[in-house]
Amino acid sequence: MAKRYEYEAKATELIVPIIEAHNYELVDMEYVKEGSSNYLRAYIDKPGGITVDDCETVSRAFSDRLDEKDFISESYILEVSSPGLGRPFKKDKDFERNIGEEVELKLFKPVEHKKDFVGLLRSFDKETVTIMLEDGKDAVFERKGIAIIRQTVYF
């Protein structure tokens, strides 16, 4: 297992009891190198959204656990944050939360000469995602062919 995945898995084990104690959800955990710095990032959420105080509470407890276990050999910066509005769907919970919502979907390979689609998320399973397009017709896409899917955000 690559070092990155090992760190992410161990960090996830440490943070889950902390976020569950506060009725939050772990959306994602990543260990990445950006420039000359390493980052361990935890993205958390809850119904109604995450506040700065929520992030601080989790960050303090998580930092203490990380210091105690000390399994990351190089220096890193810890960040605990909200996943943001335009985050990609990664877990079934993301899909469930967005049934009936407008989503944008980008494919790896074009279907009918298009890679980008927008529509209402109708359903999903392990293999497919179904959205209702603007013309009222359902379009079914294989999950493995989807590069990114997320809720549509308008500003």
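A nonpolar core is a set of buried Ala, Val, Leu, Ile, Met, Phe, Trp, Tyr and Cys residues joined through side-chain atoms within 4.5 Å. This tour visits two such cores in a predicted model.

**The whole chain.** Begin with the complete chain in a cartoon view. Its C-alpha trace spans about 55 × 35 × 30 Å along the principal axes. Colour the chain by secondary structure: three helices and eight strands appear. Followed from the N terminus, these elements run in the order α-β-β-α-β-α-β-β-β-β-β.

**The largest core.** Next, select Ile 15, Met 29, Leu 40, Ile 44, Val 58 and Phe 62, and show their side chains. Of the 21 residues in the largest nonpolar core, these touch the most other members. Now highlight α1 (3-21), β1 (25-34), β2 (37-45) and α2 (52-69), each of which supplies at least two residues of this core. Which element gives the most? It is α1, with six residues.

**The second core.** Then select Val 103, Ala 139, Phe 141 and Ile 146. They are among the 13 residues of a second core, separate from the one just visited.

**Surface and charge.** Return to the whole chain and display its surface. The accessible surface comes to about 9800 Å², and carbon and sulfur atoms account for 50% of this area. Of the 155 residues in the chain, 34% are buried. Finally, select the charged side chains: 24 are positive and 32 are negative. The centres of these two sets lie 4 Å apart.

**Contacts along the sequence.** As a last view, consider contacts between residues at least 6 apart in sequence; 48% of them join residues at least 24 apart.

Note on methods:
Residues numbered from 1 in each chain as written. Predicted model: local features only at pLDDT ≥ 70, side-chain atom pairs only at ≥ 80, totals over all residues. Heavy atoms only, no water. Buried < 20%, exposed > 50% of the residue type's maximum accessible area, 1.4 Å probe, protein only. Helix = DSSP H or I, 4+ residues; strand = E, 2+ residues; numbered from the N terminus. Contact = heavy atoms within 4.5 Å. Areas by Shrake-Rupley, 256 points an atom, 1.4 Å probe, with all protein chains shown as cover. Lys, Arg positive; Asp, Glu negative; His and termini not counted. Charge placed at Lys NZ, Arg CZ, Asp CG, Glu CD.
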